[in-house]
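Open the model in your viewer and keep the selection tool at hand. This tour goes stop by stop, telling you what to select and what you will find there.

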Amino acid sequence: MDANVFAAKGGEKKRNPGLDNFITTMKLFVKTRIAFVGMIITLIYFLIALLDAVYPQYLGVTNLSSMLAFLHGQSVSASAQPIAPTTVGGWYYWLGTTEYNIPIFPSILASLKYDLGSSLLIVALGAATGVIIGTIAGYFGGLLDEIVMRITDIFFSIPFLVFAIAMAVILSRVLPSGSSIDVIIALTIIWWPIYARLSRGNALTIKSLKFVEAATASGSSRMRNVFVHVMPNVLSAVFVQFSLDLGSIVQIFAGLDFIGFHIGGVFFPELGNLLNIGQPYLAQPYLNLTTGQVLSSTIWWPIVIPGIFLLIFTVAINLMGDGLRDVLDPKLRR
Amino acid sequence: MLVEDKLVENEEAVYLRVENLSTKFFTSKGIVKAIDNLSFEIRKGEIFGLVGESGCGKSVTALSVMDLIQDPPGRITHGKIYIDNFNIIGDLDRLAKIDVRSETDVRIKRNKRMIKRHNEILSKIRGDKIAMIFQEPFLAMNPVMRIGEQISESILLHNRIDIANSIIRRENIDRGKSDSFIEYLETIKGTERALKEINVWTREYGVPDAELKIIELSRSALSINEKKEKMYELLLAEKRGVNLQAVFEEREYFKDREKLLELNMEMTGYEEKNDEVNARRVGEEIKELRRGMTGRNISFLLKQKLMKKQYERPFLQEARRRTLELLKLVNIAGAERVIDSYPHEMSGGMLQRAMIAMALASNPKMLIADEPTTALDVTTQAQILELIKNLNTVTDSAVLFITHDLAVIAEMCQRVGVMYAGNLVESAPVEIIFSNMKHPYTIGLMASVPRADKKRDKAMKLESIPGAVPNLISPPTGCRFHPRCKFKMDICSEKKPKLVEIEKDHKVACFLYSNEVEEN
Amino acid sequence: MESDKNQKNIVLFVTNLKKYFPITSGFRNKGVVKAVDGVTFWVREGETLGIVGETGCGKTTLGRTILRLIDPTDGEIYYDVPSDEMENIIKLETELQEKKERDGENKNDTEVETLLKELIPLRKKYSLSNKSNKEIIQKRKIMQPVFQDPFSSLDPRKLVKDIIAEPMKLLTDMSNEEIEKRTADLLSEIGLNEDHMYRFPHEFSGGQRQRIGLARAISIEPKLLVLDEPTSALDVSVQAQILNILKDVQERRGITYLFISHHLSVIRMMSDRVAVMYLGKIVELAETDRLFTDMLHPYTKALLSAIPVPDPKTKVQRVVLEGEIPSPSDPPKGCHFHPRCPVALPVCGWSPRDMSGPLQTMFDQFRNPELSILPEVNEIVVDEDGNSIEIKFVSAVKSSDEMVNIINKVIEKEQSLPNGVKFRSIKEIIPAPTGDGFTIKLIDPKVPHLREIRPGHFASCLLYDAPEGNTQPEFADVGKQAAYSR
């Protein structure tokens, strides 16, 4: 229990209790070191994505695209092989190159904004839709609830990836091509049921709590109860799911692109895409083009390095999500 | 030492003795000093009440006595708890080392091996010597197990050897025994006495179902020889054709386990007294026993798993029979139906009785009842309280009755202890607590209880103790009650009063009555 | 009713209120839980009416229905009615109720119809039961709840000031400054500080939260407060504080309280009058001290004698009831209390299912060996609707007349034993035409109604029903004794 409430603390009029709450939570969070590390890494990723979106020129993406245009224009011999990670030629080449000598490092950094941005959008839209539908269904119950539950059942019964692909294909026929919108919409559609289910369950519990009845007795209409009283209390559980989902969604998004739902062509910087174009090189040995000597039995970096970046992000965000869940749960546990 | 002397003096009378008990909870917000230097005793066969409000530590006391404190975050950090003259918490330093660097930074190093042995001994003591019933029967029972199964489980945990003996005797009934019993019955005048004798005999020989028929037989007009014939027939019919070999083997196995446990307890006792010589001797005995057991055990355990029917069945059947008896003992109507029901199918009152039955399964000499009737209606509460009182009279087991309800205390208990914020502030026989209470908290508590037996006075207000129960992470200095006390003096915030006996059997911890200070 | 003329106005009148909850299993309807089954009472301005009962008695549902947090199944709730009209309504409704309750030849449907003609427009105008949520919202200003659980009655995500201000915001047209000032005043009235406005509920103790809940309830100056176990979740010393505050508030503002609790000692202390509920009905209603010393209903007596008293010298003459409280989804016939009533009459509602167990025991050869000359009992068939039980033997009897004779004798014997009252409900024994059994017919049970037995003292018990019911002497005398003696 917090401070001794009998002591009148003068001058504390306009405290912001929300901020206080947040600070305590953060302090506790910092104590769980692994989750904290996870959070730092995630933040770094997001920071890069943000910076890149706002100031593209620092990464030299414009240079990249112009460079790509240049490369594309040149007659590139199909046998040109990727350059291994090297310190020669500036930071571009630290992680080597992939097909058509596109440098990996800047590509990865550039891809972050698309990946993370789209994922954020998907999860946010899915969560928003799901929470509203689920809370209303849970609070009002009856036929509406039954219908929503059956719909979510249907969504859950279809294997996830198959559904996503099917949706994306349908949407790409319907919507203008060349955009990643179809993938985004497809994933949003299959993502909202989880949030609907989650919020509905919480809404059921919360609606039976007495303060909701008290609000009705105070003259609150049912709709008002839903948005003012039930939903804010549902959100804490949703929050944890949200952060965990970000990790999953990035992987899925990349996965879909890997399978072939490209957007913007082969050279578009996107993690899945990079994985895709790097894949064939795994079977190829790395040769010294002049001597023909085999330097390495496989050209691994075009696929492995983007893969590692993806992996680190997923792990980091999952650790952060786990830590958040532990922290937001019973606050007084050790 | 004073402690040792007291032990010898009252060895007969005292069943539970708690000495300087301290239990702490190590949480991320600080150390909760839930119980602080608590001492009290409960005599054999008495009902002792522990009363106090929420946060006073009475439930933690009960859990500490059973050593059921969740670790982490809690630990008994100090003190001794003697149940039937055996210190169940043993040597605290050997079990774990606690390094307190600050309120929020505490390192605990646990000795896993000793803790394991400690727990083995405890699981035998719990149930055997002391059993507990809880406030919410729904929470204490396993929702996916039938009531009968749960009680049988408890019976089988503690009474295996006894059950094995019953089974063996039943299968081994010979003419001699049955004949001599019938002859004995002929000499008894009066149906009631005969009933009692039959009751005892049938239980001993594992044939309680034959009771009714035996009564009928003995009251009938047949000749003595005819009676003997019929009796033997009856008993033959009761035999189950059980594989006695299997039962013998099981009995041997469990006898070994009992012996092992006893030896362990002995060794713990010697270790505590730092008696190296005896401890080593017992250790050798344990090793011997273990070596002997290994050979026997493997084959037995294998057979037990593979041939469940022969090995487990007779035990389960016997346990079920005893479960039925227990359910009838606690006045559950329709025991045959209840035994196969699930907890959620029963009402609160019935479930509470089932829990009492479960607690009594092993004939403990002491029962801890932690708010057993708080969640029940008044009429159901009356039934349960009467049941507990009857059981106390019949089985002569002590009861530690924990509640916040002063009225229940007045009705049930012979002696009472009042707790506040982890301390015992007053203890006395029940009449004195109510008529001659001394501690300001006790006085305040009594005055704040509304009375159903006093005429209504519309204008009258209850006396209320100002303030609230303190935070046990940083409790008040000195006497923990001083911030709310009407009679507060300067010393109260500086020093802690010691629990002193101010008149026969009446102890108070308050500077109004004594100057003695508690040492740390 | 004559004696009430000089007293304060009646502010709430509830008549024949019913709330049934359907039990559904999937889409099927498996019956109803009659949580509140015909409750009638009134409350005067400024008084506290205590409503007491055990689990399943319906008191909480009653409170919620009166507050219109749930819709009643039947019955009227008259609230905020001008006093002269209220008197008229009470007169009419009471007459209507009496006429409906009359069973047998005295029933007069035309009288009922004329009464209804008068009442229906009044009900439309004043009764809360038939109004929609929107129409009720304005009425909410005058009645407010205080709930039991301090932990769930306040929204954990809202500041205290918003919690207290909510009714004012929604039900009045006070300005924000006025609301803030009012909130501050309320906080100090209940003993908290002004700066506590900016905290969250979890920062307060249980007792403090109850005070906040109280402040919220009185913020819009209601005339009626429905308190549902307001102190049951609190410690004894905190309870004392809250009860004191409740008394203060009532004195200062003249609010009427409907105090629901299962704690008889708290009820005795707080109430002017008390209503005792059992399985959805009021079984007794009287002035507080009267109820505790001169109770009329057997359940009240058992309930009051079951309360432990904080005085070890007191010896309580306890009436320990047998059995458990029946489920409200399937209450006993006739008087709901009869299976557990120590002074039940034959007409109190013994039904086939009450009898099947005792009949089975009756045939136990150790108990009634005379019956052993009859064949063994094969099955016992219970017919609830026909109010009869059929007993079938494994084979036919030699002589039906002999069988009937023997059984009658045994029944007489059973009637004389303790708990033998139920056997008196047997009307006749009819041998089966096939000769292998017989049918027992029971007398039709009567339903007790809440009647004024003494001035201002109501009870619902057939013991007091003239002329058929006989007041068994042991009970009438004992009723006058105090339940406690030293």
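**Stop 1: where chain C meets chain B**

Select the interface of chain C and chain B: 21 residue pairs are in polar contact across it, each with both residues at pLDDT 80 or more. Now colour the helices of chain C. On the side that touches chain B, α8 (236–253), α9 (264–270), α10 (288–293) and α11 (298–306) each supply at least two residues. Which helix gives the largest share of that side? Pick α8(C): it contributes 10 residues, the largest share. Next, colour this side of chain C by residue class. You get 21 nonpolar, 10 polar and 13 charged residues.

Keep in mind that this is a predicted model.

Now show both partners. Chain C brings 44 residues to the contact, and chain B brings 48. Together the two chains bury about 4,000 Å². Carbon and sulfur atoms make up 54% of that area.

How many salt bridges cross between chain C and chain B? The rule finds 3. Zoom in on one of them by selecting C:Asp272 and B:Arg456. Their side chains meet at 2.7 Å, N to O.

**Stop 2: strand β8 of chain C**

Select residues 273–278 of chain C, which form strand β8. Is this strand mostly covered or mostly open? It is mostly covered, with 6 of its 6 residues buried.

Turn on the side chains. In a regular strand they alternate between the two faces of the sheet. Here both faces are covered. C:Arg273, C:Ala275 and C:Met277 lie on one side, and C:Val274, C:Val276 and C:Tyr278 on the other. Every one of these residues is buried.

**Stop 3: the neighbours of β8(C)**

Add residues 48–53 of chain C, strand β3. This strand runs parallel to β8(C), joined by 5 bridges. To find one pairing, pick C:Leu49: its bridge partner in β8(C) is C:Arg273.

Then add residues 281–287 of chain C, strand β9. Which way does β9(C) pair with β8(C), parallel or antiparallel? The pairing is antiparallel, over 6 bridges. Return to C:Arg273 and look towards β9(C), where its bridge partner is C:Glu287.

Follow the chain through the hairpin of β8(C) and β9(C). There are 2 residues between the strands. Stop at C:Leu279, which takes a positive phi near 50°.

**Stop 4: chain C as a whole**

Zoom out and show chain C as a cartoon. Its secondary structure comes to 14 helices and 17 strands. Along the principal axes, its C-alpha trace spans about 95 × 60 × 50 Å. Chain C has 486 residues, and 56% of them count as buried. Of its contacts with a separation of 6 or more, 66% are between residues 24 or more positions apart.

**Stop 5: strand β10 of chain B**

Move to chain B and select residues 398–403, strand β10. Why is this strand largely enclosed by the rest of the structure? Because 6 of its 6 residues are buried. B:Ala398, B:Leu400 and B:Ile402 sit on one side; B:Val399, B:Phe401 and B:Thr403 sit on the other. Both faces of β10(B) are covered.

Now bring in the paired strands. Residues 47–51 of chain B form β3, which runs parallel to β10(B) over 5 bridges. In that pairing, B:Val51 stands opposite B:Thr403. Residues 366–370 of chain B form β9, also joined to β10(B) in parallel by 5 bridges. End the tour at B:Met366, whose bridge partner in β10(B) is B:Ala398.

Notes
Residues numbered from 1 in each chain as written. Chains lettered and ligands numbered in written order. Predicted model: local features only at pLDDT ≥ 70, side-chain atom pairs only at ≥ 80, totals over all residues. Heavy atoms only, no water. Contact = heavy atoms within 4.5 Å. Buried area = accessible area lost by both parts, 1.4 Å probe. Salt bridge = Lys/Arg side-chain N within 4 Å of Asp/Glu carboxyl O. Polar contact = N/O pair within 3.5 Å; in protein donor to acceptor, adjacent residues only side chain to side chain. Helix = DSSP H or I, 4+ residues; strand = E, 2+ residues; numbered from the N terminus. Nonpolar A, V, L, I, M, F, W, Y, C, P; charged D, E, K, R; others polar. Buried < 20%, exposed > 50% of the residue type's maximum accessible area, 1.4 Å probe, protein only. Pairing = 2+ DSSP bridges.
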